[in-house]
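Q: Could you take me through one part of this model slowly and show me how it fits in with its surroundings? I'm new to this, so please keep it relaxed.

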Amino acid sequence: MKQLRFLGISGSLRAASASTVLLQAAAELAPGHIELTHYKGLGDLPPFNPDLDHDPAPLAVVTFRQRLRDADAVLISSPEYAHGVPGVLKNALDWIVSSGELTDKPVALICPSRATYARPSLMETLRVMMARVSDETSPLLNATTNRLDVDGVLLTPELAGPLRGCLAALAAAVNDGTGS
């Protein structure tokens with residue numbers, strides 16, 4: 001079986017964020033042929049400014065774009081802030097709209113169940129960016145507490161099961177090249 005590289009991105013900068021915990025748990029649940037690494041540089045990206053988006057782009061942007069290019073698929077885990085997409089995540093996506101790192105790339109979106117506004121907004125943004133994102137790769141999880149920990153996710157079938165399914169669907173999207 002081909003080794004797959006997934007890049008995980010948390011839309012929260014909080015160290016104990018439920019979104020980050022879900023990514024960490026997904027990395028633990030990933031089968032041996034999937035390596036899920038967590039990108040931790042969202043806070044380093046400068047505010048998006050088209051005037052700065054030239055060669056060479058700011059180093060943090062260059063690094064982010066390269067990490068995305070190197071990944072076979074991307075797993076985004078995002079909270080919702082004030083009924084919207086967290087600013088740091090939207091900023092990161094803005095930096096890659098024109099450079100196209102997500103074009104035709106399989107992407108999964110996992111959000112705690114309370115992300116009722118951010119999730120559809122992110123799905124639309126990702127589709128506009130021509131990422132291959134679907135409901136199958138993007139389960140809605142019932143993880144509504146910030147007191148979530150990795151062990152708790154791993155021991156909760158209602159969370160671990162959908163995360164495993166998400167990883168399998170994302171791997172299938174990579175392997176079949178047609179999305180899910």
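A: **One helix and the strands beside it**

Let's begin with helix α1 (residues 18–29): its twelve residues reach 16 Å from the first C-alpha to the last, close to the 16 Å expected at 1.5 Å a residue. Keep in mind that this is a predicted model.

Now look at how covered that helix is. Nine of the twelve residues in α1 are buried, so the helix is mostly covered, with "buried" meaning under 20% relative accessible area. Among the buried ones are Ala18, Val21, Leu22, Leu23 and Leu29, and the list also includes Ser19 and Thr20.

Next, the strands. Together with strands β1 and β2, α1 makes a right-handed β-α-β unit. β1 covers residues 4–10 and β2 covers residues 34–39. These two strands pair in the parallel sense, over six bridges. You can pick out individual partners: Leu7 is bridged to Thr37 in β2, while Ile9 has Tyr39 as its bridge partner in β2.

β1 has another neighbour too. Strand β3 (residues 73–77) runs parallel to β1 and is joined to it by five bridges. Here Ser10 has Ser77 as its bridge partner. Look at the cover around β1 as well: six of its seven residues are buried, so this strand is largely enclosed by the rest of the structure.

Let's stay with Ile9 for a moment. Leaving out residues up to four places away in sequence, Ile9 touches Leu23, Tyr39, Leu42, Phe64, Leu68, Val74, Leu75, Ile76, Ser77 and Leu89. One of those, Leu23, is among the buried residues of α1. Zoom out a little and Ile9 turns up again: in the largest nonpolar core, which has 31 residues, Ile9, Leu45 and Leu102 touch the most other members. The elements giving two or more residues to this core are β1, α2, β3, α3, β4 (106–112) and α4 (118–128). α3 supplies the largest share, with five residues. There is also a second, separate core of 29 residues, and its members include Ala18, Ala73, Leu148 and Val174. Ala18 is one you've already met, as a buried residue of α1.

Finally, the rings. The count of aromatic pairs comes to two. One of them is Tyr39 with Phe64, a tilted pair at 4.9 Å centre to centre with 40° between the planes. Tyr39 sits in β2 and Phe64 in helix α2 (residues 59–70), so this pair ties together parts that are 25 residues apart in sequence. Tyr39 and Phe64 are both buried.

Phe48 and Trp95 also form a pair, this time edge-to-face: 5.0 Å centre to centre, with 85° between the planes. Phe48 lies in the loop between β2 and α2, whereas Trp95 lies in helix α3 (residues 87–96), so parts 47 residues apart in sequence get tied together. How covered is each ring's residue? Phe48 is partly exposed, at a relative accessible area of 31%, but Trp95 counts as buried, with 0% relative accessibility.

Technical notes. Residues numbered from 1 in each chain as written. Predicted model: local features only at pLDDT ≥ 70, side-chain atom pairs only at ≥ 80, totals over all residues. Heavy atoms only, no water. Buried < 20%, exposed > 50% of the residue type's maximum accessible area, 1.4 Å probe, protein only. Helix = DSSP H or I, 4+ residues; strand = E, 2+ residues; numbered from the N terminus. Pairing = 2+ DSSP bridges. Right-handed = clockwise from strand over helix to strand, strands pointing away. Phe/Tyr/Trp six-rings, centres within 6.5 Å; stacked < 30°, edge-to-face > 60°. Core = buried A, V, L, I, M, F, W, Y, C linked by side-chain atoms within 4.5 Å. Contact = heavy atoms within 4.5 Å. Expected span 1.5 Å × (residues − 1).
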